[in-house]
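Visitor: I am in my first year of study, and I would like a close look at a single part of this model. Could you choose one place in the chain and explain it carefully, with enough of the surroundings for me to follow?

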Amino acid sequence: MDDALTIVIISDSTGETAQTYLKSVTTQFPDLETRIIRRPNVTNVKEIDKIFENISDYSVIVPTMADKDLADYICNESQKRNIEVLAILEQGIKTFEKVTGQKAVREVGLTRALSKDYFSMIEAIEFAIQYDDGKDPKGFLKSDIVLLGVSRTSKTPTTMILASKNYKVSNLPLVPESRLPKEIFEVDSDRIIGLLIDPEKLINIRQDRSKELGLIGESIYARENRIQKELDYAKEVFKDLDCKVIDVTNNTIEQTATQIVEYYISKFGEEK
């Protein structure tokens, strides 16, 4: 590797984004030997000087520093040593400032904050999958939001949209013949949301679903009297739990999710 081009990432964060970008660049040079060195969490000139002590002339410096003074310092030191600089973050900031007329906040650590939000979302999605459809009643007590409703009121898709907004959501289908798990009565009623739907709309939805499943003839699942029985039972449950009820008849899934988030913020004063 003595003849390898050394690529030095100097970052005030992890430098992972720069490394991913550089891999996409270096793959375009299959005959080029490269060595990528990542120097993360650099916050002052002394640390930068120490990095430069071990950089050869056959190198490319890739700074990703939000602090403009430190970014400029790296560029100046590189120029003194006749070392090329690939300032991907600085160039991006300048381009957006020029086009928008806005000034970048140049705040250190924003990328890490975004990464934290991303992993929080992944955790919420995994939570939604684990506790979907009432599979494990213990999930109700761990949830930010619990959705209740009869079959085909879009509980699962609504759950997944809320999970993408970092909310931990579980849901439970309501069936008159099934006893409610005791855990549901231990949940703060403000965290429980019942989903209702017009019976005629539900009949149509279930009939379409029956056709998709290849069911022949009239299914009990889609009969009017059965649906009315389920909806009446759901209303009784919502009343007993004293929970918020949302009519999803004319809603898209996104609209229902938005209503739920607005209600959640009104009760708990926080947005995920």
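**A loop residue and its setting**

Guide: Before turning to one residue, it helps to see the chain as a whole, which in this predicted model has a radius of gyration of 28 Å, whereas a compact globule of 272 residues would come near 19 Å. Measured out along the principal axes, the box filled by the C-alpha atoms is roughly 85 × 45 × 40 Å. Within that box the secondary structure consists of nine helices and eight strands, and 38% of the 272 residues count as buried. If we take the contacts in the chain with a separation of 6 or more, 76% of them are between residues 24 or more positions apart.

The part I would choose is Leu 141, which sits in the loop between helix H5, residues 110-130, and strand S5, a strand that covers residues 145-149. Is Leu 141 buried or exposed, or something in between? Its relative accessible area is 45%, and because buried means under 20% and exposed means over 50%, Leu 141 counts as partly exposed. When residues up to four places away in sequence are set aside, Leu 141 touches Glu 183, Glu 186 and Val 187. In the other direction along the chain, Gln 28 is 113 residues away from Leu 141 in sequence, and the two C-alpha atoms are 51 Å apart in space.

On the far side of strand S5 there is another loop, which runs from S5 to helix H6, residues 155-164, and which holds Ser 154. The phi of Ser 154 is near 65°, a positive value in a residue other than glycine, and this deserves a remark because most residues other than glycine have a negative phi. Ser 154 is partly exposed, with a relative accessible area of 30%. A second case is Asn 41, whose phi is near 55°, again positive although the residue is not glycine. Asn 41 belongs to the loop between strand S2, residues 34-39, and helix H2, residues 45-52, and with 41% relative accessibility Asn 41 is partly exposed.

For a contrast with Leu 141, consider Ile 93, which is placed in helix H4, residues 88-100. The relative accessibility of Ile 93 is 14%, and Ile 93 therefore counts as buried. Beyond its neighbours within four places in sequence, Ile 93 is in contact with Ala 104 and Arg 106. The C-alpha atom of Ile 93 is also separated by 9.2 Å from that of Ala 66, which lies 27 residues away along the chain.

A helix position can also be partly exposed, as Asn 204 shows: this residue is in helix H7, residues 199-212, and has a relative accessible area of 43%. From Asn 204 to Ala 222 the distance is 7.9 Å, C-alpha to C-alpha, across 18 residues of sequence.

To return to the whole, the accessible surface of the chain comes to about 16,200 Å², and carbon and sulfur atoms account for 50% of that surface. The chain carries 37 positive and 46 negative charges, whose mean positions are 2 Å apart. A search for disulfides through the whole structure finds zero; of the cysteines, Cys 75 is partly exposed at 27% relative accessible area, while Cys 243 is buried at 12%.

How values were computed. Residues numbered from 1 in each chain as written. Predicted model: local features only at pLDDT ≥ 70, side-chain atom pairs only at ≥ 80, totals over all residues. Heavy atoms only, no water. Helix = DSSP H or I, 4+ residues; strand = E, 2+ residues; numbered from the N terminus. Rg over C-alpha atoms; globule rule 2.2 N^0.38 Å. Buried < 20%, exposed > 50% of the residue type's maximum accessible area, 1.4 Å probe, protein only. Contact = heavy atoms within 4.5 Å. Areas by Shrake-Rupley, 256 points an atom, 1.4 Å probe, with all protein chains shown as cover. Lys, Arg positive; Asp, Glu negative; His and termini not counted. Charge placed at Lys NZ, Arg CZ, Asp CG, Glu CD. Disulfide = S-S within 2.5 Å.
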